[in-house]
Amino acid sequence: RVIKNVQPKFRCVENPLVSVILPTYNHGDYIKGAIDSILDQDFHNLELILVNDGSTDATSEIINEYRTDSRIKIIEQDNRGLPKSLNRGFNLAKGDFYTWTSADNLLSKNAISDLVKAANRETHSGLFYSDFQVIGENGLPLKRDNLWRIYDRDKKNKSIVRVKKTGKFFREVPSNFVGPYFLYRASLGKTLKNYSHTPGIEDWDFWLRMQFLTRFEYVPTSGLNYQYRVHQNSMSSNLDVEQNFMTTLELSL
């Protein structure tokens with residue numbers, strides 16, 4: 001039996017700083033769009049920590065164009081993989097809230113502000129997440145015949161993934177119901193410290209540990225606030241995520 005976690009009340013921060021970590025490795029085709037979508041937010045009090053993980057394509061040249069922007073901190077390193085890139089980025093973060101996104105995904109103008117507003121309302125919750133849209137390599141919404149994560153795609157608009165409004169990770173079949181569109185309180189990130197060093201389940205492992213510290217809050221949105229790109233070179237296509245899930249589950253039980 002899982003012991004119910006105590007729900008502490010978090011303090012409400014006026015005009016909080018949001019730290020966005022953007023790790024990238026050879027995403028020269030998409031990185032500019034990802035950066036611009038973050039900088040174009042209607043929520044302005046944010047810092048963007050961009051971790052270039054040893055890219056060998058045009059990524060370095062593209063991100064150099066942003067070095068004069070005071071909101072951006074650029075970290076250059078040899079290739080270490082996604083988990084270590086995230087950890088390095090968050091170790092430098094100064095925000096009241098944390099999130100991270102991939103260099104091939106896009107945020108709408110109100111993506112961050114919608115989650116911050118929810119956090120200010122729901123002070124007994126520590127993590128906030130919502131639905132998202134899946135797009136293809138060309139940036140267009142996935143069509144009905146694409147079977148990627150078909151089990152929770154919206155019945156009317158097949159490009160929208162409707163995540164679970166409630167869920168548990170511990171002692172259940174692994175399912176990352178949080179998805180890629182989320183925001184959590186920095187105090188929780190500092191308590192949990194590093195992401196797992198197993199590529200493909202670093203976020204799932206993080207939520208597995210976080211659920212014992214706080215309540216997760218589903219935020220109703222149209223599903224268009226965050227665009228998740230599915231393409232041949234994305235991590236979801238290259239990693240045996242299901243096998244990693246099952247290995248972690250065996251360690252958790």
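Which elements make a right-handed β-α-β unit? In this predicted model, the unit is made by strand 2, helix 2 (residues 59-64) and strand 3. Its two strands, strand 2 (residues 46-53) and strand 3 (residues 72-77), pair with each other in the parallel sense, over 6 bridges. Strands of a sheet pair through backbone hydrogen bonds, either parallel or antiparallel. One position illustrates the pairing: Asn52 has Glu76 of strand 3 as its bridge partner.

Glu76 also takes part in a contact through its side chain. Arg67 forms a salt bridge with Glu76, and the closest N and O atoms are 3.3 Å apart. Side chains of opposite charge can pair when their charged atoms come close. How accessible are the two partners? Arg67 is partly exposed, with a relative accessible area of 43%, and Glu76 also counts as partly exposed, at 37% relative accessibility.

Helix 1 packs against several of these elements. The buried residues of this helix are Ile31, Ala34, Ile35, Ser37, Ile38 and Leu39. They pack against strand 1 (18-24), strand 2, helix 2, strand 3 and strand 5 (106-107). Helix 1 therefore has buried residues that pack against each element of the β-α-β unit. Other residues of helix 1 carry charge pairing. The side chains of Lys32 and Asp36 meet in a salt bridge, with a distance of 3.6 Å from N to O. Within helix 1 (residues 31-39), Lys32 and Asp36 are 4 residues apart, which means that about one helical turn separates them. Lys32 is partly exposed, with a relative accessible area of 40%, and Asp36 is partly exposed as well, with a relative accessible area of 30%.

Helix 3 (residues 82-91) is mostly covered, since 7 of its 10 residues are buried. These buried residues are Leu82, Pro83, Ser85, Leu86, Asn87, Gly89 and Phe90. Phe90 appears again in the description of the largest nonpolar core, which has 63 residues. Which members of this core touch the most other members? They are Val18, Ile35, Phe90, Tyr129, Tyr184, Trp207 and Met210. The largest share of the core, 6 residues, comes from helix 4 (residues 111-121).

Tyr129, one of these core residues, may be examined in detail. Residues up to four places away in sequence are set aside here, and Tyr129 then touches Val163, Lys164, Lys165, Thr166, Phe177, Val178, Tyr181, Phe182, Phe216, Glu217, Tyr218 and Val219.

A further sheet is open and consists of 4 strands in the order 5-11-7-8, with mixed pairing. Strand 5 and strand 8 (160-161) stand at the edges, and each has a single partner strand, so one side of each is left without a neighbour in the sheet. Strand 7 (residues 132-135) and strand 8 run antiparallel and are joined by 2 bridges. Within this pairing, Gln133 has Ile160 of strand 8 as its bridge partner.

The count of salt bridges in the model comes to 9. Some of these contacts link three residues: Asp131, Asp154 and Arg162 are joined in a network of salt bridges.

Helix 6 (residues 202-210) offers another example of a pair within a helix. Asp205 and Arg209 both lie in this helix, 4 residues apart, about one turn of the helix. Their side chains meet in a salt bridge, at 3.0 Å from N to O. Are the two residues buried or partly exposed? Asp205 is buried, with a relative accessible area of 14%, whereas Arg209 counts as partly exposed at 27% relative accessibility.

Arg209 also has contacts beyond helix 6. Which residues does Arg209 contact when neighbours within four places in sequence are left aside? They are Leu192, Asn194, Tyr195 and Ser196. Arg209 and Leu192 are 17 residues apart in sequence, and their C-alpha atoms are 7.4 Å apart in space. A polar atom of the Arg209 side chain lies 3.1 Å from the backbone oxygen of Leu192. The side chain of Arg209 thus takes part in the salt bridge with Asp205 and also approaches the backbone of Leu192.

Notes. Residues numbered from 1 in each chain as written. Predicted model: local features only at pLDDT ≥ 70, side-chain atom pairs only at ≥ 80, totals over all residues. Heavy atoms only, no water. Pairing = 2+ DSSP bridges. Right-handed = clockwise from strand over helix to strand, strands pointing away. Core = buried A, V, L, I, M, F, W, Y, C linked by side-chain atoms within 4.5 Å. Buried < 20%, exposed > 50% of the residue type's maximum accessible area, 1.4 Å probe, protein only. Contact = heavy atoms within 4.5 Å. Salt bridge = Lys/Arg side-chain N within 4 Å of Asp/Glu carboxyl O. Polar contact = N/O pair within 3.5 Å; in protein donor to acceptor, adjacent residues only side chain to side chain.
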